[in-house]
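Q: I would like to learn how to read the contacts between and within chains. Where do we begin?

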Amino acid sequence: MKTDTLKFQTRNRPFQQYAGWIIGIGLFLLPLIQMDLTTYLTLTVAGISLGMLIFLIASGLTLIFGLMDVLNLAHAAFFAFGAYAGFTVLNLLNNAGWIDTASLAQSLFYLALALGAAGLAGGGLGILTEKIVIKRVYGNHLMQLLVTVGVSFVIVELLKMIWGVNDEVVPVPMGFQDAFIIFGVFIEYFRVVAIFLGITIFAILQYILKQTKLGIIVRAGVENQEIVKATGYNISWIFTLVFAAGSALAAIGGTMMAIFNQAVDPGMGNQFLIFALIVVIIGGLGSVTGSFVGAVIVGLSFNYVAFLWPKMALGVNFMIMAIILLIRPKGLFGKD
Amino acid sequence: MPDMVETKPSLLCLENVHTHIDQHHILQGVSMDVAAGGATILLGRNGAGKSTTLKSVMGLLPVSQGRIFFNGQAIEASKPYEIARMGMGFVPEDKAVLSTLTVAENFRLSMFRENEKTHKKLAEVLDLFPALKKFWKRQAGLLSGGQRQMLAIARVLVCEHTLLLIDEPSKGLAPIVVDQLAESLIQIKDKTKVILVEQNFRLAQQVGSDCFILDDGRVAFNGPMDELAKDKIMMKKYLGI
Ligand SMILES: Nc1ncnc2c1ncn2[C@@H]1O[C@H](COP(=O)(O)OP(=O)(O)OP(=O)(O)O)[C@@H](O)[C@H]1O
Ligand SMILES: [Mg+2]
């Protein structure tokens, strides 16, 4: 199927295909005019790792908004909820005195624990939300906006009630505070972990959606529920599962971001939701590959521009989104 | 005694079924008894309620009144996936294949249970529709109308069913393709009971043994196909032939 669609696209729009790539790569080399190579590479590594963190939250949004067509404004709250779940685990480990002495391997293990807790918390919350609230508002965007704002409000208030309204400092396992140097470029271990995690989750999602029976059922259910039901599948559970997976991804992204910024606060989701929305729109609704590429674009351009003209960093992302939508109204990987 | 009430000898039995779509009263008391074996045809003008009847049986539209029995079990309150698992297959009138999926993926989706038996069945089905093998990796949305209709029928055949509901498979097909379709349907109904909605009277006659005519959400006629073919007044009144 992949080769078929690819052929199909190149046959129809060869110019956009190649010109797009060339212009795109050219644009990403452009910052080199203003900075030396080491700075550029440092910013590139940082940009890619930021992109991978954004991908985590954006991939969840791709599943929920892009595939299931649910406008979920609570996605940011799931992100924050996950961040606090991971933070709680790290805090417990810290109280036991294990964080400050952690080797790289131990740090990775503690990270896995924190991410596991975040994933479970986010997934569980996702199941509850879908079964109680979202279920009733499929197909009705206005209602979705209203009820998910409500859900978001409840979650954020809950976070404030349990952990207080202030920022908290997130204890970062010692192993991640180290860095190594290649070609004079200073690379923190945690950035490598973020990149690795992003790529792994991308590969897993891609595999599940394209290769497995579950993926086929999900894609079929998005296109035509009647056939899927009449074939014998209980689609309501399948939708619950997809929603829960999206929420779990947001929560995992939340914990990663909490460690990245070494801080959590109840409203932390909102600023990243904007990034995630830009990414999903740039990439094309429902395309995991699109989100992945979009996240790298946003992460890189944010970092370059933040270095050169700090005030423009977010604005540039909106500009990129506008330009891409002008050239490809359905986003980079959106299906017409 | 209460158990006796639930048991019906026929394969599918509708008792005074009413179906509403929004506030519209579409089916207004449809009663049918369909025995196992062969093909039963559903006829009737456009808008008579044929598709609505099939969807109500499949559980895709909620029945507001009346009862439906499948193999003696009441199913009017069952979910579509439960009814499907009981052995009922459905080929809808529109959008009968998943156009964003490849032909291969359409088949994989239709294998509710993926095992040796269904894989063997798939090989048989592909022998019945060899054209589909050629387009195995192609997106179903890129197939021609006839190929898509073949796929729609072929995909329900890979699983064992005791009853197949097929809604107007000949719609928009060239006469020569309709002939191929008739051949396939004849082979299918020898193994599996089929309820076929069909406007093409010749095709209906080739495939079906008995028929129901629906009119304005009610059954207007029920009897053998040949009897209907001889009844010129009936034919004129309900089918305009
Ligand atoms: N979603 C809907 N909303 C309102 N009315 C509907 C809807 N679907 C069907 N109807 C009405 O129900 C009646 C029966 O429709 P149905 O599709 O069952 O007819 P049919 O016998 O299958 O016709 P055709 O031969 O054209 O397919 C029609 O009058 C139709 O207008
Ligand atoms: Mg119809």
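A: With a definition: a salt bridge is a side-chain nitrogen of Lys or Arg within 4 Å of a carboxyl oxygen of Asp or Glu. The model here is predicted. In it, the side chains of A:K213 and B:E114 form a salt bridge, at 3.2 Å from N to O.

Q: What does the pair of A:K213 and B:E114 join?

A: The pair joins two chains, because A:K213 sits in helix α8 of chain A and B:E114 in the loop between α4 and α5 (116-128) of chain B. A:K213 is buried, at a relative accessible area of 15%, while B:E114 is partly exposed, at 36%. A:K213, B:R108 and B:E114 are linked in a network of salt bridges.

Q: How many salt bridges cross the interface of chain B and chain A?

A: The rule finds 3 across that interface, and a search of the whole structure gives 14 over all chains. B:K55 forms a salt bridge with A:E226, with the closest N and O atoms 3.9 Å apart.

Q: How is the size of an interface read?

A: It is often given as the accessible area lost when the parts come together. Between chain B and chain A about 2200 Å² is buried, and carbon and sulfur atoms give 58% of this area. In chain B, the residues that lose the most area to chain A are B:Y81, B:R108 and B:L109, together 24% of what that side buries. The contact takes 29 residues from chain B and 22 residues from chain A.

Q: Which salt bridge does B:R202 make?

A: B:R202 meets B:D179 at 3.1 Å, N to O. The pair links distant parts of the chain, 23 residues apart: B:R202 is in helix α9 (residues 201-207) and B:D179 in helix α8 (residues 175-191) of chain B. B:R202 counts as exposed at 52% relative accessibility, whereas B:D179 is partly exposed at 34%.

Q: How should a helix be read?

A: An α-helix has 3.6 residues a turn, so residues three or four places apart point the same way. Helix α7 of chain A (residues 189-211) has 23 residues and reaches 32 Å from its first C-alpha to its last, close to the 33 Å expected. Its buried residues include A:F190, A:A194, A:L197, A:I201, A:L205 and A:L209. Among the elements of chain A that the buried residues of α7 pack against are α3 (37-67), α5 (104-132) and α8 (213-223).

Technical notes. Residues are numbered from 1 along each chain as its sequence is written. Chains are lettered from A and ligands numbered from 1 in the order in which they are written. This is a predicted model: local features need pLDDT of at least 70, side-chain atom pairs count only at pLDDT 80 or more; totals for chains, interfaces and linings use all residues. Side-chain values use heavy atoms; hydrogens and water are left out. Helices (H or I, at least four residues) and strands (E, at least two) are DSSP runs, numbered from the N terminus. The expected span of a helix is 1.5 Å times one less than its number of residues. Buried means under 20% relative accessible area, exposed over 50%, partly exposed in between (1.4 Å probe, protein chains only). Contact means heavy atoms within 4.5 Å. Buried area is the accessible area (1.4 Å probe) that two parts lose on being put together, summed over both.
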